[in-house]
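Biologist: Could you show me the model we are going to discuss, and then take my questions slowly, as you would with a first-year student?

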Amino acid sequence: MTTTVRITWDAASARRARRQFLTGPATTGTPIAEVVGAMLGAHAQVLSAAELSVGMRTDAATRADVRAALWDERTLIKTYGPRGTVHLLPARELPLFSAALSAAPTGPSPFPPDVRLTEEQAGQVVTAIGEALDGRCLTVDELSEEVVARTGPWAGDRVMPAFQDLWPRWRQVMHRAGWAGALCFGPNRGRKATYTRPLPGGPEAGPGDTLAAFVHRYLHTYGPATPQHFARWLAAPSGWATALFGELAAAGRIEEVLFEGTPAWVAAGDTDFPQGPPRGVRLLPYFDAYVIAGQPRERLFPGAAYERALGGGQAGNYPVLLVDGVVAGVWHQRRRGRRTTVTVEPLVRLTARQERELGEQVERAGEVLEATPELVVGEVTVGPHA
């Protein structure tokens, strides 16, 4: 008779933190793409937040190093990742992400029938985007002209509500073009973003094993987890994720454990967990991968942190202070030239050791941002996304 492995929250959070370089930062010489891969991507809607996510997991990398990996070395790629949001991903893993994200079903379109694209039209737009960007960097307006010319005037109808404006119809599937490997971000042209087609790289992901490999990567980084946790991370239907986990369990690819008394899953055989919680203080920026994917959320945001550091239950709205693996405060940085003021609002009483580590984290944030930091401990008065 097989004995079910029992895993505590402390053990799970310790392993997650260790595997994401949050307890022992990556040392000089560790490729930045390896750090990003350990996180399963760095949220990069705001590039400076992604630079902090990566830099704070290393002992020496700065924002310039992240940008060099992205634009010069091309070991990173900026494109649409999980949930259709902008991420930095390891370039060599783009085939796996593209295949898996394209294979995962999405929820119903948020647009009314007279706005949304049909599946046939969406396919035409994705193909047109890839053709237009092949070997070129285009702004969104230039790309719009190319897409309309290759498809039809219907693609350019300004019917898509976005940011107090109306965007052309074709833009509702830009994230799908990213998933298909037809589009990624190029270097800015002045203040304007550009888009290009990713360079071929890395082995093609076989369709049969793509989702199994993707679930394995997810559980390695964020397990134990339930199908519902996985679905939430992807913004995919819960029923689909449940069926997928069932298939993988039947094939012996994943293993059921008891996580704080609740059934959850890890990759088969991956049941080695540390004893005790992670120790130490960390500053994490907006939408850091550890807080976005970490579940159950009420354990990651205990007590006052659930109200203070979440927005309607959504993680990522505030940069967070992490103490021993859980959210224990919020923070904000305001830059003026070469100086930046880091205001930290702890929600728990810090020990002398933790106060010292907080000071070290602020210094490290300054190094990543290439600025001279000043620590202020007090209330963060700005709202989310400030």
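Modeller: What follows is a set of questions and answers about this structure, which is a predicted model.

Biologist: Let us begin with the sheet that contains β1; which strands stand at its edges?

Modeller: Three strands form this open sheet, in the order β1-β9-β10, and their pairing is mixed. An edge strand pairs on one side only, and that description fits two strands here, namely β1 (6–7) and β10 (262–267).

Biologist: Which residue of β9 stands opposite isoleucine 7?

Modeller: Strand β9 covers residues 254–259 and runs parallel to β1, to which it is joined by two bridges. Within that pairing, the residue of β9 that stands opposite isoleucine 7 is phenylalanine 259.

Biologist: Now for the sheet that runs from β11 to β15: why is one side of β11 and of β15 left without a neighbour in the sheet?

Modeller: Five strands make up this open sheet, in the order β11-β12-β13-β14-β15, and the pairing is mixed. The strands β11 (281–284) and β15 (372–377) each have one side without a neighbour in the sheet because each stands at an edge, with a single partner strand.

Biologist: In β12, which residue is the bridge partner of valine 281?

Modeller: Strand β12 holds residues 320–323, and it pairs with β11 in the antiparallel sense over four bridges. In this pairing, valine 281 has as its bridge partner in β12 the residue valine 323.

Biologist: Through which helix does the chain cross from β14 to β15?

Modeller: The strands β14 and β15 pair in the parallel sense over six bridges, and valine 344 stands opposite valine 377 in β15. On the way from β14 to β15 the chain makes a right-handed β-α-β crossover, and the helix it passes through is α15.

Biologist: At about what angle to β11 does that helix, α15, run?

Modeller: Helix α15 is formed by residues 352–369, and it lies across β11, β12, β13 (326–336), β14 (339–346) and β15. Relative to β11, helix α15 runs at about 35°.

Biologist: Turning to helix α1, is it largely enclosed by the rest of the structure or largely open?

Modeller: Among the buried residues of α1 are Trp9, Ala11, Arg15 and Arg19. Nine of the eleven residues of α1 are buried, so this helix is largely enclosed.

Biologist: Does arginine 19 count as buried or exposed?

Modeller: Arginine 19 lies in helix α1, which spans residues 9–19. A residue is called buried when its relative accessible area is under 20%. Arginine 19 has a relative accessibility of 19%, and therefore it counts as buried.

Biologist: With which side chain does the side chain of arginine 19 make a polar contact of 2.9 Å?

Modeller: Leaving aside residues up to four places away in sequence, arginine 19 touches Ala38, His220 and Asp270. The polar contact of 2.9 Å joins the side chain of arginine 19 to that of aspartate 270.

Biologist: What is the relative accessible area of phenylalanine 185?

Modeller: Phenylalanine 185 lies in strand β7, which holds residues 184–189. Not counting residues up to four places away in sequence, phenylalanine 185 touches several residues, including Trp71, Tyr80, Val86 and Tyr195. Phenylalanine 185 is buried, and its relative accessible area is 10%.

Biologist: Which proline is joined to glycine 223 by a cis peptide bond?

Modeller: The proline has its place in the loop between α9 (210–222) and α10 (227–234). The peptide bond that joins it to glycine 223 has an omega of about 0°, and the residue is proline 224.

Biologist: Which proline follows the cis peptide bond from glutamine 295?

Modeller: This proline is found in the loop between α12 (289–293) and α13 (297–300). The cis bond from glutamine 295 has omega near 0°, and it leads to proline 296.

Biologist: Does phenylalanine 163 count as buried or exposed?

Modeller: Phenylalanine 163 sits in the loop between β5 (158–162) and β6 (165–168), and its phi is near 50°, a positive value in a residue other than glycine. A residue is called exposed when its relative accessible area is over 50%. Phenylalanine 163 has a relative accessibility of 69%, so it counts as exposed.

Key: Residues numbered from 1 in each chain as written. Predicted model: local features only at pLDDT ≥ 70, side-chain atom pairs only at ≥ 80, totals over all residues. Heavy atoms only, no water. Pairing = 2+ DSSP bridges. Contact = heavy atoms within 4.5 Å. Axes fitted to C-alpha atoms, helices over the stretch in contact; angles between N-to-C directions. Buried < 20%, exposed > 50% of the residue type's maximum accessible area, 1.4 Å probe, protein only. Polar contact = N/O pair within 3.5 Å; in protein donor to acceptor, adjacent residues only side chain to side chain. Right-handed = clockwise from strand over helix to strand, strands pointing away.
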